[in-house]
Amino acid sequence: MKKVLITGAAGFLGSHLCDRFIKEGYYVIAMDNLITGDLKNIEHLFPLEQFEFQHHDVSKFVHIPGKLDYILHFASPASPIDYLKIPIETLKVGSLGTLNLLGLAKEKKARILVASTSEVYGDPLVHPQSEDYFGNVSPIGPRGVYDEAKRFMESITMAYHRFHGVDTRIVRIFNTYGSRMRLNDGRVVPAFMGQALRGEDLTVFGDGSQTRSFCYIDDQVEGIYRLLMSDYTDPINIGNPHETTIKEFAEEIIKLTGTDQKIIYKPLPQDDPMQREPDITRAKEILGWEPKVSRAEGLKKVYEYFKSLSPEELQKKEHREFLTK
């Protein structure tokens with residue numbers, strides 16, 4: 001049985017990756033310090049013999065005994081609210097955490113895939129964003145702690161690949177949504193869903209003309225899996241190229257949920273990107289991958305998930321104070 005280490009395993013994306021690798025017949029070591037992850041995302045896997053959980057911060061030395069075939073580094077805060085609350089931890093997991101895991105991959109002769117992000121493009125001057133665009137990022141802005149952590153992650157990953165011959169993969173993840181997202185983490189899909197389900201007005205920052213492209217979790221996991229199993233070592237965008245404005249998206253949510261809330265507008269946060277759309281030519285050509293789930297279909301599934309939350313979860317105050325600022 002091949003063995004895979006997944007960091008950030010109790011988070012939204014990490015937990016779905018655990019499910020996929022269990023399904024594919026791997027022994028899964030799930031690692032998380034639970035600073036933003038939640039054990040309830042993976043508790044259904046605990047009874048399985050081919051699954052183990054380690055409560056650990058990858059910014060500190062990582063030791064895994066025995067053979068290891070693959071490492072997927074998905075440990076990181078992943079919402080703008082998290083960057084503001086834990087900026088140092090965000091920088092450390094992208095830098096020290098990546099360094100520790102690359103060292104482990106070198107020692108174990110394991111293939112490592114690191115989770116980069118569309119945020120390496122910053123507020124882009126090129127549209128759509130292809131992998132050869134170097135980005136427009138403020139290293140000292142409030143979002144810089146995430147953007148630059150991921151840019152460093154890519155640089156040191158390529159250095160280990162070129163200098164030490166480590167078998168590396170880099171995925172640049174665009175906006176992804178699905179079950180297990182934290183309702184109040186500040187990202188637009190759960191924020192709008194939560195506000196609609198609580199009968200609150202939907203908060204749009206800026207005038208709503210900024211664009212995003214939303215990829216359903218099943219499509220994202222498939223793209224990541226194909227990249228890991230490929231021979232391609234340069235970064236690849238995995239995301240959905242169907243772009244929408246935030247205002248149009250808010251209107252979609254209101255229509256989907258059958259609520260009659262208003263859309264209210266608040267000032268746009270500093271360095272918030274105005275456009276976000278992946279060029280997925282490379283993913284199509286090299287991985288034979290493109291998203292299959294339409295936004296309408298994916299949003300219905302996510303709405304059912306959020307509707308299934310208990311009243312206590314729906315009213316949880318975590319991060320909600322940030323949504324109204």
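A salt bridge is a side-chain nitrogen of Lys or Arg within 4 Å of a carboxyl oxygen of Asp or Glu. The side chains of Asp 167 and Arg 111 meet this description, with N and O 2.7 Å apart. This pair links distant parts of the chain, its members lying 56 residues apart. Asp 167 sits in the loop between α4 (144-164) and β6 (168-173), and Arg 111 belongs to strand β5 (residues 111-117). The structure described here is a predicted model.

The overall form of the chain was examined next. Its secondary structure comes to 11 helices and 13 strands. The radius of gyration is 19 Å, close to the 20 Å that the globule rule gives for 325 residues, so the chain is as compact as a globular protein of that length. Along its principal axes the C-alpha trace spans about 55 × 45 × 35 Å. Of the 325 residues, 55% count as buried. Among contacts with a separation of 6 or more, 81% are between residues 24 or more positions apart.

One annotated region covers residues 4-239. The UniProt record, an unreviewed entry, labels this stretch "domain: NAD-dependent epimerase/dehydratase". Over these residues the chain is 36% helix and 19% strand. The end C-alpha atoms of the stretch are 24 Å apart.

Strand β1 (residues 3-7) pairs with two other strands. Five bridges join β1 to β2, and the two run parallel. Within this pairing, Ile 6 stands opposite Ala 30, and Thr 7 has Met 31 as its bridge partner. Four bridges join β1 to strand β4 (residues 70-73), again in parallel. There, Thr 7 stands opposite His 73. Thr 7 thus has a partner in β2, Met 31, and a partner in β4, His 73.

The burial of β1 is complete. Five of its five residues are buried, so the strand is largely enclosed by the rest of the structure. Lys 3, Leu 5 and Thr 7 point one way from β1, while Val 4 and Ile 6 point the other way. Residues on both sides are buried.

Strand β2 (residues 27-32) is mostly covered, with five of its six residues buried. Besides β1, it pairs with strand β3 (residues 51-55) through five bridges, and these two strands run parallel. Val 28 of β2 has Phe 51 as its bridge partner in β3. Helix α1 (residues 12-23) joins β1 and β2 in a right-handed β-α-β unit.

Charged pairs were then considered. Side chains of opposite charge can pair when their charged atoms come close. The structure holds 24 salt bridges. Four residues, Arg 20, Glu 24, Glu 222 and Arg 226, are linked in a network of such bridges. Asp 57 forms a salt bridge with Lys 60, the closest N and O atoms being 3.6 Å apart. Asp 57 is partly exposed, with a relative accessible area of 23%.

The bridge between Asp 167 and Arg 111 joins residues of unlike burial. Asp 167 is partly exposed, because its relative accessible area is 29% and buried means under 20%. Arg 111 is buried, at 17%.

A further salt bridge connects Glu 119 and Arg 276, with the closest N and O atoms 3.3 Å apart. This pair too links distant parts of the chain, 157 residues apart. Glu 119 lies in the loop between β5 and α4. Arg 276 lies in the loop between β13 (263-266) and α8 (281-287). Both partners are buried: Glu 119 at 10% relative accessibility, and Arg 276 at 1%.

Ser 118 is also found in the loop between β5 and α4. At 2% relative accessibility, this serine counts as buried. Leaving aside neighbours within four places in sequence, Ser 118 is in contact with Arg 172, Ile 173, Phe 174 and Arg 276. Arg 276 therefore contacts Ser 118 and forms a salt bridge with Glu 119, and its relative accessible area of 1% makes it buried.

Terms used: Residues numbered from 1 in each chain as written. Predicted model: local features only at pLDDT ≥ 70, side-chain atom pairs only at ≥ 80, totals over all residues. Heavy atoms only, no water. UniProt positions renumbered as here; feature names shortened; annotations may be inferred. Buried < 20%, exposed > 50% of the residue type's maximum accessible area, 1.4 Å probe, protein only. Pairing = 2+ DSSP bridges. Right-handed = clockwise from strand over helix to strand, strands pointing away. Rg over C-alpha atoms; globule rule 2.2 N^0.38 Å. Contact = heavy atoms within 4.5 Å.
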